[in-house]
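Grab a pencil and work through these exercises with the viewer open. Each one has a task, followed by a solution in small steps.

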There are 2 protein chains.
Amino acid sequence: MLQETPNPNPDLSLLCLPRTVAMVGASDDPASIGGRALINLMQHSAFDGELMLVNPKREQVAGMRCWPDVASLPLTPDVVMISVPAAHVNGVLRQCAARGVHFAIVFSSGFGETGAEGQRLEAEMRSIAAGSDLRIYGPNCPGLCNINERVGFTFSPSFPHDLRRGPVGLATQGGGLGRNVLQAMDRGLGVGLWCSSGNEVDLQVSDFIAHMADAADIEVIVTLIEGIKDGRKFIRAVQRAAANGKPVVALKVGRSAYGQRAALSHTGSITGAAEVNSALFKQLGVIEVDDIDELADMAALLARARPPLRARQVAVYCSSGGASALTADMIGLAGIGLASFDAATTQVLAENLPSYAALGNPVDTTTATLTDDRLIDKTLLAVCCDPNVSLVLMPVTIDYGDVTVKVAESVVRVQAQSPVPIVPVWMSSRLGDGHRIYAEAGLVPVASVGKAVKTVKRWLDHGVWLAARAADAGSLPFEPLLLRMRARDEPGPARTLNEYEGKALLRRAGIAVPDSGVARTPDEALQLAERIGYPVVAKVVSAGITHKFDVGGVALDLANGEQLLDAWERIHHAVSRAMPGVPIDGLLIEAMAPSGGVETLVGVSRDAVFGPVLTFGLGGIHVELFRDVARRVLPLSRSEAAAMVREIRAFPLLDGLRGRPLADVPALIELLLKVSGFVAAHPGQIDEMDLNPVWVGRLGQGARPLDAVVVGRFGAKPLA
Amino acid sequence: MLQETPNPNPDLSLLCLPRTVAMVGASDDPASIGGRALINLMQHSAFDGELMLVNPKREQVAGMRCWPDVASLPLTPDVVMISVPAAHVNGVLRQCAARGVHFAIVFSSGFGETGAEGQRLEAEMRSIAAGSDLRIYGPNCPGLCNINERVGFTFSPSFPHDLRRGPVGLATQGGGLGRNVLQAMDRGLGVGLWCSSGNEVDLQVSDFIAHMADAADIEVIVTLIEGIKDGRKFIRAVQRAAANGKPVVALKVGRSAYGQRAALSHTGSITGAAEVNSALFKQLGVIEVDDIDELADMAALLARARPPLRARQVAVYCSSGGASALTADMIGLAGIGLASFDAATTQVLAENLPSYAALGNPVDTTTATLTDDRLIDKTLLAVCCDPNVSLVLMPVTIDYGDVTVKVAESVVRVQAQSPVPIVPVWMSSRLGDGHRIYAEAGLVPVASVGKAVKTVKRWLDHGVWLAARAADAGSLPFEPLLLRMRARDEPGPARTLNEYEGKALLRRAGIAVPDSGVARTPDEALQLAERIGYPVVAKVVSAGITHKFDVGGVALDLANGEQLLDAWERIHHAVSRAMPGVPIDGLLIEAMAPSGGVETLVGVSRDAVFGPVLTFGLGGIHVELFRDVARRVLPLSRSEAAAMVREIRAFPLLDGLRGRPLADVPALIELLLKVSGFVAAHPGQIDEMDLNPVWVGRLGQGARPLDAVVVGRFGAKPLA
């Protein structure tokens, strides 16, 4: 499942801004792909490199000489654009490889997305790339737009309409959704570079994230992904972005079964487990959004201002009392704090606004600011400069035409002097000139209060992540186990260890498990219990039985030998009835956990894209009914382990809720770290662990797995 | 707290379309309120009734004669508009009342929203209305727009710009948010009547909902509320709308503490408990939305088509594979079903779309439909006509200019023949001519996939409500207890019954409680236990102790007399230590519930706006950590009681989750109904009930409260 491409971080500078370009399939027909790509490059781009055309059937296209093939070109191009039919593409690519071309952009479709023959062609294409220095972009892609340099290698007729420069880099798979993000330019979003990698036979979204992480003109990276093909590459790319101080905003399709199926049919992408994706995004500081318009909202705000690391409170400034109440309401529901103003701020508001205005936060200026926009210059600036305010949300309730234009002009003036971003919320369906003024000034109005509040919340949350990361400075950056795992799994079939084997393994890893032994006879059981000390637990040991409880295979709290012998009989009787013919290897006799304590669950699974993942939660119904779990891609740092425990909604049960004793959270954190370390020590070997329940005693009593299922590839020899 | 106005359902027809109107404060100054209102009525309205002007300082205004006061008018106006300063308003209102005017619209502000003097003026205003036939609209309001008749009694300069007629009635308190909804006309929303009742000294939002429920030209009612002043009136109004087949869509501000505070400062509204509002909305079929743009989205869809009562599945039709995957994904996350197409539909798709198109649901037509829009006429219509499809979502990913216009024209053509609504999702920030074509045809494009999916989900859910309501036909409609409660509460102070009194009350109401008695001596305790049968429970009885467990006042599972006597000592010792000096009245000796069973919680509280409310959930942490409860305004019907039990996320614990025994859900439902009946039998008396835990045994074992706190006004005599 784990796929890795040979050269993890190719230098894509020449792809994004080549000196020499050839177009194979050049055409005069403006309705053809080759024709449109030519128009975009020759008429709408500021490309000042060398352009060469290839078309064996024509002497000239667009007044330029045509060469019969790549081999005969007078210069070796940095980039070759290809728009010939699918069947001819690989022939062209071979010529490119032979000629030493650096990059091929394959517009043509008719590959993996169409079936078996297309998939065969893609496999061939992949081997051409692997066997040469040629890197392939596409196929089935709309091309690449370097907007900051105004150069488009694309056949999209929309190219000349979406050219607002800016610090946002956009890396998508599909072309339609990518172009949709570009059209947020009409709200003022500036995009410097758009890469849309189509079927990704070679170059992937992650390669472009990595490129943008280093690109001088890109400050915020936006990505839209159906499937992450190479987990390692993605992790390295976003960590590089974070190291260079560039936030990554992501929309990941495939969070429901319908979405997964549709993505598979669209780009053949396996979407991966949504919960694992989201957990990894959180760990790496990737800001995940729910809808495509939220990508632009989020990127625009990040491009305007990085979130504060502390004092994360906002202000609302509005001329409608109703809209300010609505906005404050949604801010409250989102758990964002409204700043308390300093006295100086309140004084400026009081001196300039009518007596019936609301001077607190939210500020309801009343319509006074509609009739006299100079009031905005004074009062909005005061709010922006208040030291407690990190951002000002400004709901624009109604498009009043000229009045709204004047307001917008004032806000733009104030923004120029403001230390914090002002986010206009254009609430109306009417997009008049006021909207244009906000957009042109780069204030990127958000289209609804709800979307604006979501964006602000994510922005503030990213500040929390940045602060935690800054606090971790000096310690090593997070390096997922996947990066250390061998590309191939340990050979041999996976097997499920029985409880005793599993616990022995845990004990050797330094994880405290209850004292125990396997008894094959009643006498052995009594001897074991004497050694361990009553009360004890007895559990059936059988390779054929996974759910011991369900077949009557468990007896708890056995206080003495009499009860133990009684349990021996009961268990054998019940198991034989429930599963006739299944051999019983004996009973596991184990120390009973002290009464009280909280039962939790610790699981490890292996994600096909990101490797080992740890899940923590309270046992039983908390997981099953409420899905109240915390997840992290392994390994865990101490602070991550502590955060996981505190992240579940049921945490108060461990933390003294309503007079409960404090649970041994330090021991639980230690256990999580040891499980993580155990998996790390055996990369590629552990497929699955299910420690359920993990008993957590009172502070000082410790935490230990009472049951353990371990599945892995241990080969013939036992684990060290 | 419960406020009731004298005439619950005034006939507002004359207010919305009067024959004679007077304007007090008429002015030639177009910047003044009186001047703008005159321009709106004379220049922009199609008003063909009689207009008279009042201004004691002027002989003429706008070329029309001015009268010095209302008394001297030649005719008695149906409606008088008032824009004089606050201090003079009540004088004018008295003249109106004396003259027999039906309605006064008070534009003027400076009343309750400004402080004590304004509140005094409002009280005076209220008494003028109460002592006459004059009904007052406002003050501090923008007026009223009867758009279907093109008549505006409003000073808003926006009036002439927002005149798209339609079947939606809009009732708001604040003017700004109301006007915002009107501007959704730019997306194609048609609004027939907008009432914005400002400070609501007399006429309230509910009066207008009731009016719209009867108005022939209104089919869908939209309301935006900061505070519901009169719960009875609101309930009657929305039930009238439901009876007349008109859905009500509501946005209620004040769901967070910030929102509540802001609403109070804006219109002086007490917002009420959000959970109770939402519960009542659900019971009455009021469709609650989260954001103001969602009001227009929802109303537009309902105005176009009522939701299906069965076969609630949808289709997605799109020319972008990425957008169709994204939309399918969000549909899956929302729990909506994608329809499976009939073979005939698939055949049409296969015959007309390219081989690489996705013919399932979502349909990805590929860009073939962009180059040949006739394909849309065939294939989209086939999808619309599929018998399994209730609605078609059509994401429009990108604004391609002319191409998008052609697509929109095709869609509008198909819609004209389609039996189900097509909902375009205009995903781009660029609003080109294609958007206008959808809007003009009344297809009201939604602005994001997320918002569209939310709207469709609510639409389908409303179909579920309608189906349940249809199934209930023949049974009485839901009549909240509030409607039967006396306006005044039972006199006397509330008191908290002790557990024994409380349970006695429940027993008399037919609710099974464990057999019990109060023992004042150890001997009495032994006798009681003998009679009840061991095992028993002992609990301290003391007026001064509410949390018996916390002070060591409870002993469970006492198996014999010895253990009981031991418990007697222990409890007395523990309670005396924990609460020295608090008198102990004895111990409650009670039958112990059989082991097993599930502990639940049943509570009754009294909402200031809507009366008694019942809360059901699993006890303890389910409520505290997960807020996993169901709420209903009382009384409960049998189907509501059953729905409540099934609504909580923890329901599987009662329903055999993982081999658990089935709980006695029928007995639990019976108990809920009896609690409801008990409260109904004592309207105004019960302030609060807390039955926690309510033990629910296995099927056949019954359900009974193990503890009960009842707070109420029982006067001197015991309850019957």
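Is A:Arg570 buried, partly exposed or exposed? Keep in mind as you go that this is a predicted model.

**Exercise 1. Place A:Arg570 on the scale, then find its salt-bridge partner.**

Step 1. Start with the number: A:Arg570 has a relative accessibility of 45%.

Step 2. Recall the cut-offs: buried is under 20%, exposed is over 50%, and partly exposed is in between. So A:Arg570 counts as partly exposed.

Step 3. Now look for the partner. The side chain of A:Arg570 meets that of A:Asp566 in a salt bridge, at 3.6 Å from N to O.

Step 4. Check where the two sit. Both A:Arg570 and A:Asp566 belong to helix H21 (residues 561-578) of chain A, and they are four residues apart, about one turn of the helix.

Step 5. Finish with A:Asp566: its relative accessibility is 44%, so A:Asp566 counts as partly exposed.

**Exercise 2. Work out which parts of chain B are linked by the salt bridge of B:Arg606 and B:Asp687.**

Step 1. Find the contact: the side chains of B:Arg606 and B:Asp687 form a salt bridge of 3.3 Å, N to O.

Step 2. Locate each end. B:Arg606 is in strand S25 (residues 598-607) of chain B, while B:Asp687 is in strand S28 (residues 686-696) of chain B. They are 81 residues apart, so this pair links distant parts of the chain.

Step 3. Compare with the cut-offs. B:Arg606 has 23% relative accessibility and counts as partly exposed, whereas B:Asp687, with 16%, counts as buried.

**Exercise 3. Do the same for A:Arg240 and A:Asp214.**

Step 1. These two form a salt bridge, and their closest N and O atoms are 2.8 Å apart.

Step 2. Again, distant parts of the chain are linked: A:Arg240 lies in helix H7 (residues 231-243) of chain A and A:Asp214 in helix H6 (residues 205-214) of chain A, 26 residues apart.

Step 3. A:Arg240 is partly exposed at 37%, and A:Asp214 is partly exposed at 46%.

**Exercise 4. Trace how strand S26 of chain A is paired.**

Step 1. A quick reminder: strands of a sheet pair through backbone hydrogen bonds, either parallel or antiparallel.

Step 2. Take one neighbour. Strand S25 (residues 598-607) of chain A runs antiparallel to S26(A), with eight bridges joining them. One partnership to click on is A:Arg606 with A:Pro612 in S26(A).

Step 3. Follow the turn: S25(A) and S26(A) are joined by a hairpin through three residues.

Step 4. Take another neighbour. S26(A) and S27(A) are also antiparallel, joined by five bridges, and A:Phe616 stands opposite A:Ala630 in S27(A).

Step 5. How many residues of S26 (residues 611-618) of chain A are buried? Eight of its eight residues are, which makes the strand mostly covered.

**Exercise 5. Find a parallel pair inside an open sheet of chain A.**

Step 1. Put the seven strands in order: S9-S8-S11-S10-S12-S13-S14, with mixed pairing.

Step 2. Spot the edges. Strand S9 (151-154) and strand S14 (287-288) of chain A each pair on one side only.

Step 3. Zoom in on strand S10 (residues 168-172) and strand S11 (residues 191-196) of chain A, which pair in the parallel sense over five bridges. Here A:Val168 stands opposite A:Val191 in S11(A).

Definitions and conventions. Residues are numbered from 1 along each chain as its sequence is written. Chains are lettered from A and ligands numbered from 1 in the order in which they are written. This is a predicted model: local features need pLDDT of at least 70, side-chain atom pairs count only at pLDDT 80 or more; totals for chains, interfaces and linings use all residues. Side-chain values use heavy atoms; hydrogens and water are left out. Buried means under 20% relative accessible area, exposed over 50%, partly exposed in between (1.4 Å probe, protein chains only). Helices (H or I, at least four residues) and strands (E, at least two) are DSSP runs, numbered from the N terminus. Two strands pair if DSSP finds at least two bridges between them. A salt bridge is a side-chain nitrogen of Lys or Arg within 4 Å of a carboxyl oxygen of Asp or Glu.
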